[in-house]
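Q: Got a minute to go through the DNA contacts with me? I'll put the structure up.

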There are 2 protein chains.
Amino acid sequence: MYGMEAKTRLVESARELMWDRGYAATSPRAVLDAAGVGQGSMYHHFRGKEDLARAVVEGNAETMRAQVDRDLAGPGSAVERLARYLRRERDVMRGCRFGKLAQDPDVVASPVLGPRVADMFGWLVERLEVVVREGQAAGELRDSLDAHRVASAVAATLQGGYVLARAAGDPAAFDSAVEGLLGLLDTARTTS
Amino acid sequence: MYGMEAKTRLVESARELMWDRGYAATSPRAVLDAAGVGQGSMYHHFRGKEDLARAVVEGNAETMRAQVDRDLAGPGSAVERLARYLRRERDVMRGCRFGKLAQDPDVVASPVLGPRVADMFGWLVERLEVVVREGQAAGELRDSLDAHRVASAVAATLQGGYVLARAAGDPAAFDSAVEGLLGLLDTARTTS
DNA sequence: GTCTATAGTAAGATAGAC
DNA sequence: GTCTATCTTACTATAGAC
């Protein structure tokens with residue numbers, strides 16, 4: 001963290017703290033201490049807390065889109081690709097960087113942060129929907145299923161899995177939810 | 001709110017504020033203003049913010065257990081009862097009173113609040129699991145399904161549905177997720 | 001029981017030196 | 001560009017009068 005310039009260190013420190021504590025609970029003071037820079041440095045590079053968070057969110061969005069694309073656009077059938085996405089190794093107890101923000105009233109109310117979180121989830125569900133449709137076109141998944149709704153259920157199970165895991169204090173709760181959904185998805189295949 | 005004694009007004013005010021803002025973001029100051037009482041009154045009836053939250057959570061737990069039992073223990077097949085639970089009218093944009101707490105680091109870290117939230121979700125998943133097993137015993141749901149995992153997926157979809165709705169700023173995202181799961185549950189029925 | 005006054009700490013941001 | 005000092009406001013809690 002100390003081999004970078006101050007601006008980069010600020011964003012990286014904020015990224016870690018926001019992942020753990022969310023937006024509202026991440027104070028500029030804590031970010032500065034973690035980055036090892038003074039306050040003046042932050043207010044030189046950013047307009048304030050919200051602007052720093054914007055930089056964090058933009059970086060996270062790029063990373064997440066790339067990860068999702070890797071899982072969903074790779075080889076395999078539709079269900080195999082959904083399974084690869086759902087079962088990807090995750091830092092379950094830290095939660096989803098975006099799901100955490102969506103729960104924060106300050107984020108949703110922010111004109112700069114709110115739309116970015118909304119866009120991320122809108123994109124994700126659309127992306128999942130495409131995979132479901134491909135599965136239907138290939139005759140793998142039943143045509144009777146509503147692709148958008150199934151995609152929404154997949155995204156929701158993931159987000160809810162994080163909630164259950166944090167509530168239980170046990171990552172296994174996340175795995176149970178994911179495997180439960182995959183079990184149901186398996187019954188929705190035309191081939192068996 | 002003003003027809004009750006101060007202690008009751010404090011709990012009710014805190015309940016509303018915590019539903020909207022969560023635990024950490026709900027200040028005693030805001031609760032006192034909403035309840036229309038002074039600070040001394042609160043510190044007479046409660047040991048502090050955490051103790052007041054405990055009273056709120058205990059009341060919420062009772063309410064939620066009663067609601068879930070009404071939905072799941074009533075008449076109908078297993079899938080019908082799960083659908084009644086999932087489709088029950090909800091204040092989607094306000095979210096789940098317990099899911100919100102599970103996401104709050106201060107709550108999870110609290111020895112008095114954390115276990116209460118954990119117990120609530122543990123009880124819920126167990127309760128859903130019983131319904132799935134009943135469906136299997138009745139020959140309605142496939143025996144190949146893991147009841148615990150399916151129950152976890154149901155609970156997770158609900159919690160994740162709230163996340164998607166808040167991110168999108170649209171309750172319809174919640175409905176899509178719920179209907180997506182119900183669509184998958186329908187394919188898991190042995191009868192059609 | 002309920003109130004106001006006040007304490008001590010931390011939040012988020014600004015000013016101005018270097 | 002980066003620093004420290006300072007400002008204003010809010011938080012959670014305590015003290016002590018009524």
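Q: Which polar side-chain atom lies 3.0 Å from a base nitrogen of DNA strand C?
A: One of Gln39(B). Keep in mind that this is a predicted model.

Q: Which elements give two or more residues to the surface near DNA strand C?
A: In chain A, α2 (28-35) and α3 (39-45) do; in chain B, α3 (39-45) does.

Q: And where does the largest share come from?
A: From α3(B), with five residues.

Q: OK, backbone now. How far is the side chain of Lys49(A) from a phosphate oxygen of DNA strand C?
A: An N or O atom of that Lys49(A) side chain sits 2.6 Å from the phosphate oxygen. Ser27(A) also has a side-chain N or O atom by a phosphate oxygen of strand C, at 3.2 Å.

Q: What share of the strand C atoms within 4 Å of the protein belong to sugar or phosphate?
A: 64%. The rest belong to bases.

Q: Which residues come nearest to strand C?
A: Out of 17 around the strand, Pro28(A), Gln39(A), Lys49(A), Gly38(B) and His45(B).

Q: How do the residues of that surface divide into nonpolar, polar and charged?
A: Ten are polar, five nonpolar and two charged.

Q: Switching topic. What does UniProt put on residues 4-64 of chain A?
A: The unreviewed entry annotates that stretch as "domain: HTH tetR-type".

Q: How much helix and strand is in there?
A: Residues 4-64 of chain A are 77% helix and 0% strand. The end C-alpha atoms are 23 Å apart.

Key:
Residues are numbered from 1 along each chain as its sequence is written. Chains are lettered from A and ligands numbered from 1 in the order in which they are written. This is a predicted model: local features need pLDDT of at least 70, side-chain atom pairs count only at pLDDT 80 or more; totals for chains, interfaces and linings use all residues. Side-chain values use heavy atoms; hydrogens and water are left out. UniProt positions are given in the numbering used here, feature names are shortened, and annotations may be inferred rather than shown by experiment. Helices (H or I, at least four residues) and strands (E, at least two) are DSSP runs, numbered from the N terminus. A residue is near a molecule or strand if one of its heavy atoms lies within 4 Å of it. A polar contact is a pair of N or O atoms within 3.5 Å; within protein, one must be able to donate a hydrogen and the other to accept it, and residues adjacent in sequence count only if both atoms are side-chain atoms. Ala, Val, Leu, Ile, Met, Phe, Trp, Tyr, Cys and Pro count as nonpolar, Asp, Glu, Lys and Arg as charged, and the others, Gly among them, as polar.
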